[in-house]
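Student: I am new to this structure and should be grateful for a close look at a single part of it. Please take me through the aromatic rings, and then through the loop that accompanies them in your account.

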Amino acid sequence: MTEADILYQLSELYNRYWAMNQWWASISFAIIALSHFASHKLNKILVSIIIVLYAAYSFWMQRYMHYNVLIIG
């Protein structure tokens, strides 16, 4: 691989990493907005489900981003 190819691959990897972070931030803000605007309609079971799903998604994102960082190094 030439240096230009390596730089292109790194650029693509950083772009994917940035897109994943933006998507995760969007989900985070959506959950914050949901909890603020619909707090009077959320029961404990629904809140528990949202927390578990968000925690699982956050854990998956962290593992996926860590995998992408390992690819770089």
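Tutor: What follows describes the aromatic rings and then one loop residue. Please keep in mind that the model is predicted.

The structure contains three aromatic pairs. In one of them, the ring centres of W60 and Y64 are 5.3 Å apart and the planes meet at 5°; because planes under 30 degrees apart count as stacked, this pair is stacked. Both W60 and Y64 belong to helix α2, where four residues, about one turn of the helix, separate them. W60 has a relative accessible area of 49% and is therefore partly exposed, since the class of exposed residues begins over 50%. Y64 is likewise partly exposed, its relative accessible area being 29%. Beyond this pair, Y57 joins W60 and Y64 in a cluster that is linked by ring pairs.

The loop residue is L42, located between α1, which spans 3-37, and α2, which spans 44-72. With a relative accessibility of 21%, L42 counts as partly exposed, because a residue is buried only under 20%. When residues up to four places away in sequence are set aside, L42 touches L34, S35, V47 and I50. Of these contacts, L34 and S35 fall within the range of α1, while V47 and I50 fall within that of α2. A further distance concerns E3: L42 and E3 are separated by 39 residues in sequence and by 54 Å in space, taken from C-alpha to C-alpha.

How values were computed: Residues numbered from 1 in each chain as written. Predicted model: local features only at pLDDT ≥ 70, side-chain atom pairs only at ≥ 80, totals over all residues. Heavy atoms only, no water. Helix = DSSP H or I, 4+ residues; strand = E, 2+ residues; numbered from the N terminus. Buried < 20%, exposed > 50% of the residue type's maximum accessible area, 1.4 Å probe, protein only. Contact = heavy atoms within 4.5 Å. Phe/Tyr/Trp six-rings, centres within 6.5 Å; stacked < 30°, edge-to-face > 60°.
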